[in-house]
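Colleague: Please take me slowly through a single part of this model, starting with one strand and the strands that pair with it, and then go on to the enclosed spaces and one residue in a loop.

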Amino acid sequence: MARRAAGGTGVKGARRPEVRLPALEPYEGGELEPDGDYDGLEFKDADLGGQDGSGARFMDCALTGCALDGTRLRHARVQDSVLSGVRGVGTDFAEASLRDVELVDARLGGPQLHGAVLERVLIRGGKIDFLNLRTARLRDVVFEGCVLVEPDFGGARLERVEFVDCALKGADLHAATLTDVDLRGAAPLEISTGLDRLSGAVISTGQLLDLAPVLAAQWGIRVEG
């Protein structure tokens, strides 16, 4: 079940996940396994660095305070789950599927989510550097109170995506497709590539003024005096 966030005039708000976890069993199964099946488990303060859970399925799970350095989760399916306080560099979620998921207070560097599918996902708090979402599909996704440094949305499709009280630094929107994307809550809003892809997004008047020098340079407009 999900609820719709408040959207501004002319833009549809994202549907947020409402994750209600059941009573969880502690995970005591050793290392992750490719194509493993994990249901109703709590991974607490586990070091999952370098492990291979490619193709695994996580349902009604909580990952709390886990280390994910170099963890391979390609093609994984994560549903109705909460990842809180996870940290790591080079976590590989390429072509994974995340549905009804909350990612809270994460500290991640260079996570790979290219080709991934995110539906009803809330990313709240924390800092993510060099997030790779190339060719990913995002639908009903909310970035709230987090810092995104040089995220790559190249070729991605974003539908009903909101940025709420978060920093968006050096974003790459090259060849991205935006539909009902609300950027008004991004401060700062810095777009390094793909300003021409902002059709389908809404920004504030102040953001437009901040972007004016970059727009002028892109369009070859000289501003003097």
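Modeller: Before we look at who stands opposite whom, we need one definition: two strands are said to pair if DSSP finds at least two bridges between them. Please also keep in mind that this is a predicted model.

The strand I would like you to find is β12, which covers residues 137-144. It is mostly covered, since 6 of its 8 residues are buried, and buried here stands for a relative accessible area under 20%. β12 has a parallel partner in β11, the strand of residues 117-129, and 7 bridges join the two. To see this pairing in the structure, look for Glu119, which stands opposite Arg139 in β12. β12 also pairs with strand β14, made of residues 157-164, again in the parallel sense and over 7 bridges. For this second pairing, the residues to look for are Arg137 and, opposite it in β14, Arg157. As you follow the backbone, it helps to remember that in a regular strand the side chains alternate between the two faces of the sheet.

From β11 we can move to the enclosed spaces, for the structure holds 3 cavities of 30 Å³ or more. The largest cavity contains about 200 Å³ of space. It is lined by 18 residues, and those closest to its centre are Phe93, Leu98, Leu103, Leu108 and Leu113. Two elements, β10 (97-109) and β11, each give two or more residues to this lining, which consists of 17 nonpolar residues, 1 polar residue and no charged ones.

The second largest cavity has a volume of about 60 Å³. Its lining is formed by Leu32, Leu48, Phe58, Leu63, Leu73, Val78, Leu83 and Phe93, so that by class there are 8 nonpolar residues, with no polar and no charged ones. Phe93 is worth picking out in the display, because it belongs to this lining and is also among the residues closest to the centre of the largest cavity.

Finally, return to β14 and look at the loop that lies between β13 (147-149) and that strand, where you will find Asp152. Asp152 has a relative accessibility of 17% and therefore counts as buried, the limit being 20%. If its neighbours within four places in sequence are set aside, Asp152 is in contact with Leu131, Asn132, Leu133, Arg134 and Asp172.

How values were computed: Residues numbered from 1 in each chain as written. Predicted model: local features only at pLDDT ≥ 70, side-chain atom pairs only at ≥ 80, totals over all residues. Heavy atoms only, no water. Buried < 20%, exposed > 50% of the residue type's maximum accessible area, 1.4 Å probe, protein only. Helix = DSSP H or I, 4+ residues; strand = E, 2+ residues; numbered from the N terminus. 1 Å grid on protein atoms, 1.4 Å probe; cavity = no way out; pocket = protein on both sides within 12 Å on 5 of 7 lines; lining within 4 Å. Points joined across faces, edges and corners; volume = space filled by probe spheres on them. Contact = heavy atoms within 4.5 Å.
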